[in-house]
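Please open the model in your viewer, with the sequence panel beside it, and follow the selections below in the order in which they come.

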Amino acid sequence: MIVHLLLSAGRGPQECAWALARLLGRLEADATRQDLRTHRVQTVPGDRPGTYRSVLVQITGVGAEPFAASWTGTLCWQAPSPYRTSTGRKNWYVIAQPCQVDIPRARFAEADVDIVACRTGGPGGQHRNKVSTAVRATHRPSGIVVVVDSERQLSLNRRIAMQLLRQRIEHGEEAAERAVTTARWRIHDELVRGNPTRIERP
């Protein structure tokens with residue numbers, strides 16, 4: 001089982017980036033105790049050394065999902081600020097949310113396409129109206145259907161149909177990847193300060 005957890009200091013002050021680094025260390029130690037492996041897939045450093053604005057952590061092993069759930073939500077690191085001794089605030093908040101890192105890439109294979117010859121109406125001469133030269137191609141895994149009748153030869157229409165299907169599937173995957181990236185960045189703005197699901201202290 002593999003789970004990806006994104007920890008973000010959101011738009012909080014530099015203490016939140018400091019708190020994130022401490023919470024990350026606590027999470028990794030907790031994972032080790034439970035025989036889980038962690039890997040920092042992506043890190044965005046904070047303004048101060050040893051701090052992070054965000055970290056994407058991969059958690060691997062049996063029980064990774066419930067473990068990630070126990071670290072999901074608003075996390076609070078409760079300690080005085082190491083940078084501003086004058087502030088009385090001691091609660092620094094970080095958000096942690098499971099996220100999708102990538103989408104499974106579908107390999108286009110002509111064997112997954114059903115081709116049916118058909119007739120289409122409209123202009124094109126007697127040959128087009130009498131002979132089934134148009135092609136209806138269905139990509140079974142995705143359900144995408146294209147109809148091609150631009151050429152007078154069945155083989156050419158079939159070739160064009162295959163190219164169209166391949167392009168639509170690739171464009172669909174690119175759109176899905178953009179949606180995954182957008183959803184991941186949206187997590188940074190979802191941090192709610194207060195009412196933490198987990199409080200950690202030094």
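Which residues are linked with Arg26 in a network of salt bridges? The network links Arg26, Asp30, Arg33, Arg198 and Glu200, where a salt bridge is a side-chain nitrogen of Lys or Arg within 4 Å of a carboxyl oxygen of Asp or Glu. Before selecting them, note that this is a predicted model, in which local features need pLDDT of at least 70 and side-chain atom pairs count only at pLDDT 80 or more, while totals for chains, interfaces and linings use all residues. Residues are numbered from 1 along each chain as its sequence is written, and side-chain values use heavy atoms, with hydrogens and water left out.

**The whole chain**

Colour the protein chain by secondary structure, and four helices and nine strands appear; helices (H or I, at least four residues) and strands (E, at least two) are DSSP runs, numbered from the N terminus. Along the sequence, these elements follow the pattern β-α-β-β-α-β-β-β-α-β-β-α-β. Switching to a surface, you are looking at about 11500 Å² exposed by the protein chain, with 49% of it supplied by carbon and sulfur atoms; these areas come from the Shrake-Rupley method with a 1.4 Å probe, and for residues only the protein chains shown count as cover. Of the 202 residues, 37% count as buried, which here means under 20% relative accessible area, with exposed being over 50% and partly exposed in between (1.4 Å probe, protein chains only).

**The salt-bridge network**

Select Arg26 and Glu200, whose side chains meet in a salt bridge at 2.7 Å, N to O. Arg26 lies in helix α1 and Glu200 in strand β9 (residues 198-200), so this pair ties together parts that are 174 residues apart in sequence. Arg26 counts as partly exposed at 27% relative accessibility, whereas Glu200 is buried, with a relative accessible area of 12%.

Next, add Asp30 and Arg33, which form a salt bridge of 3.6 Å, N to O. Because they are three residues apart in helix α1, about one helical turn separates Asp30 and Arg33. Asp30 is buried at 10% relative accessible area, while Arg33 is exposed at 60%.

**Glu15 and the loop between β4 and β5**

Now move to Glu15, which forms a salt bridge with Arg84, the closest N and O atoms being 2.7 Å apart. The pair links distant parts of the chain, since Glu15 is in helix α1 (residues 14-33) and Arg84 is in the loop between β4 and β5, 69 residues apart. Is Glu15 buried or exposed? Glu15 is buried, with a relative accessible area of 0%, whereas Arg84 counts as partly exposed at 37% relative accessibility.

Keep Glu15 displayed and select Ser81, which lies in the loop between β4 (73-78) and β5 (91-98). The side chain of Ser81 makes a polar contact with the side chain of Glu15 at 2.7 Å; a polar contact is a pair of N or O atoms within 3.5 Å, where within protein one must be able to donate a hydrogen and the other to accept it, and residues adjacent in sequence count only if both atoms are side-chain atoms. The side chain of Ser81 also reaches the backbone nitrogen of Tyr83, at 3.1 Å.

Finally, display the neighbours of Ser81: not counting residues up to four places away in sequence, Ser81 touches Glu15, Thr87, Arg89 and Trp92, contact meaning heavy atoms within 4.5 Å. Ser81 is itself buried, with a relative accessible area of 8%.
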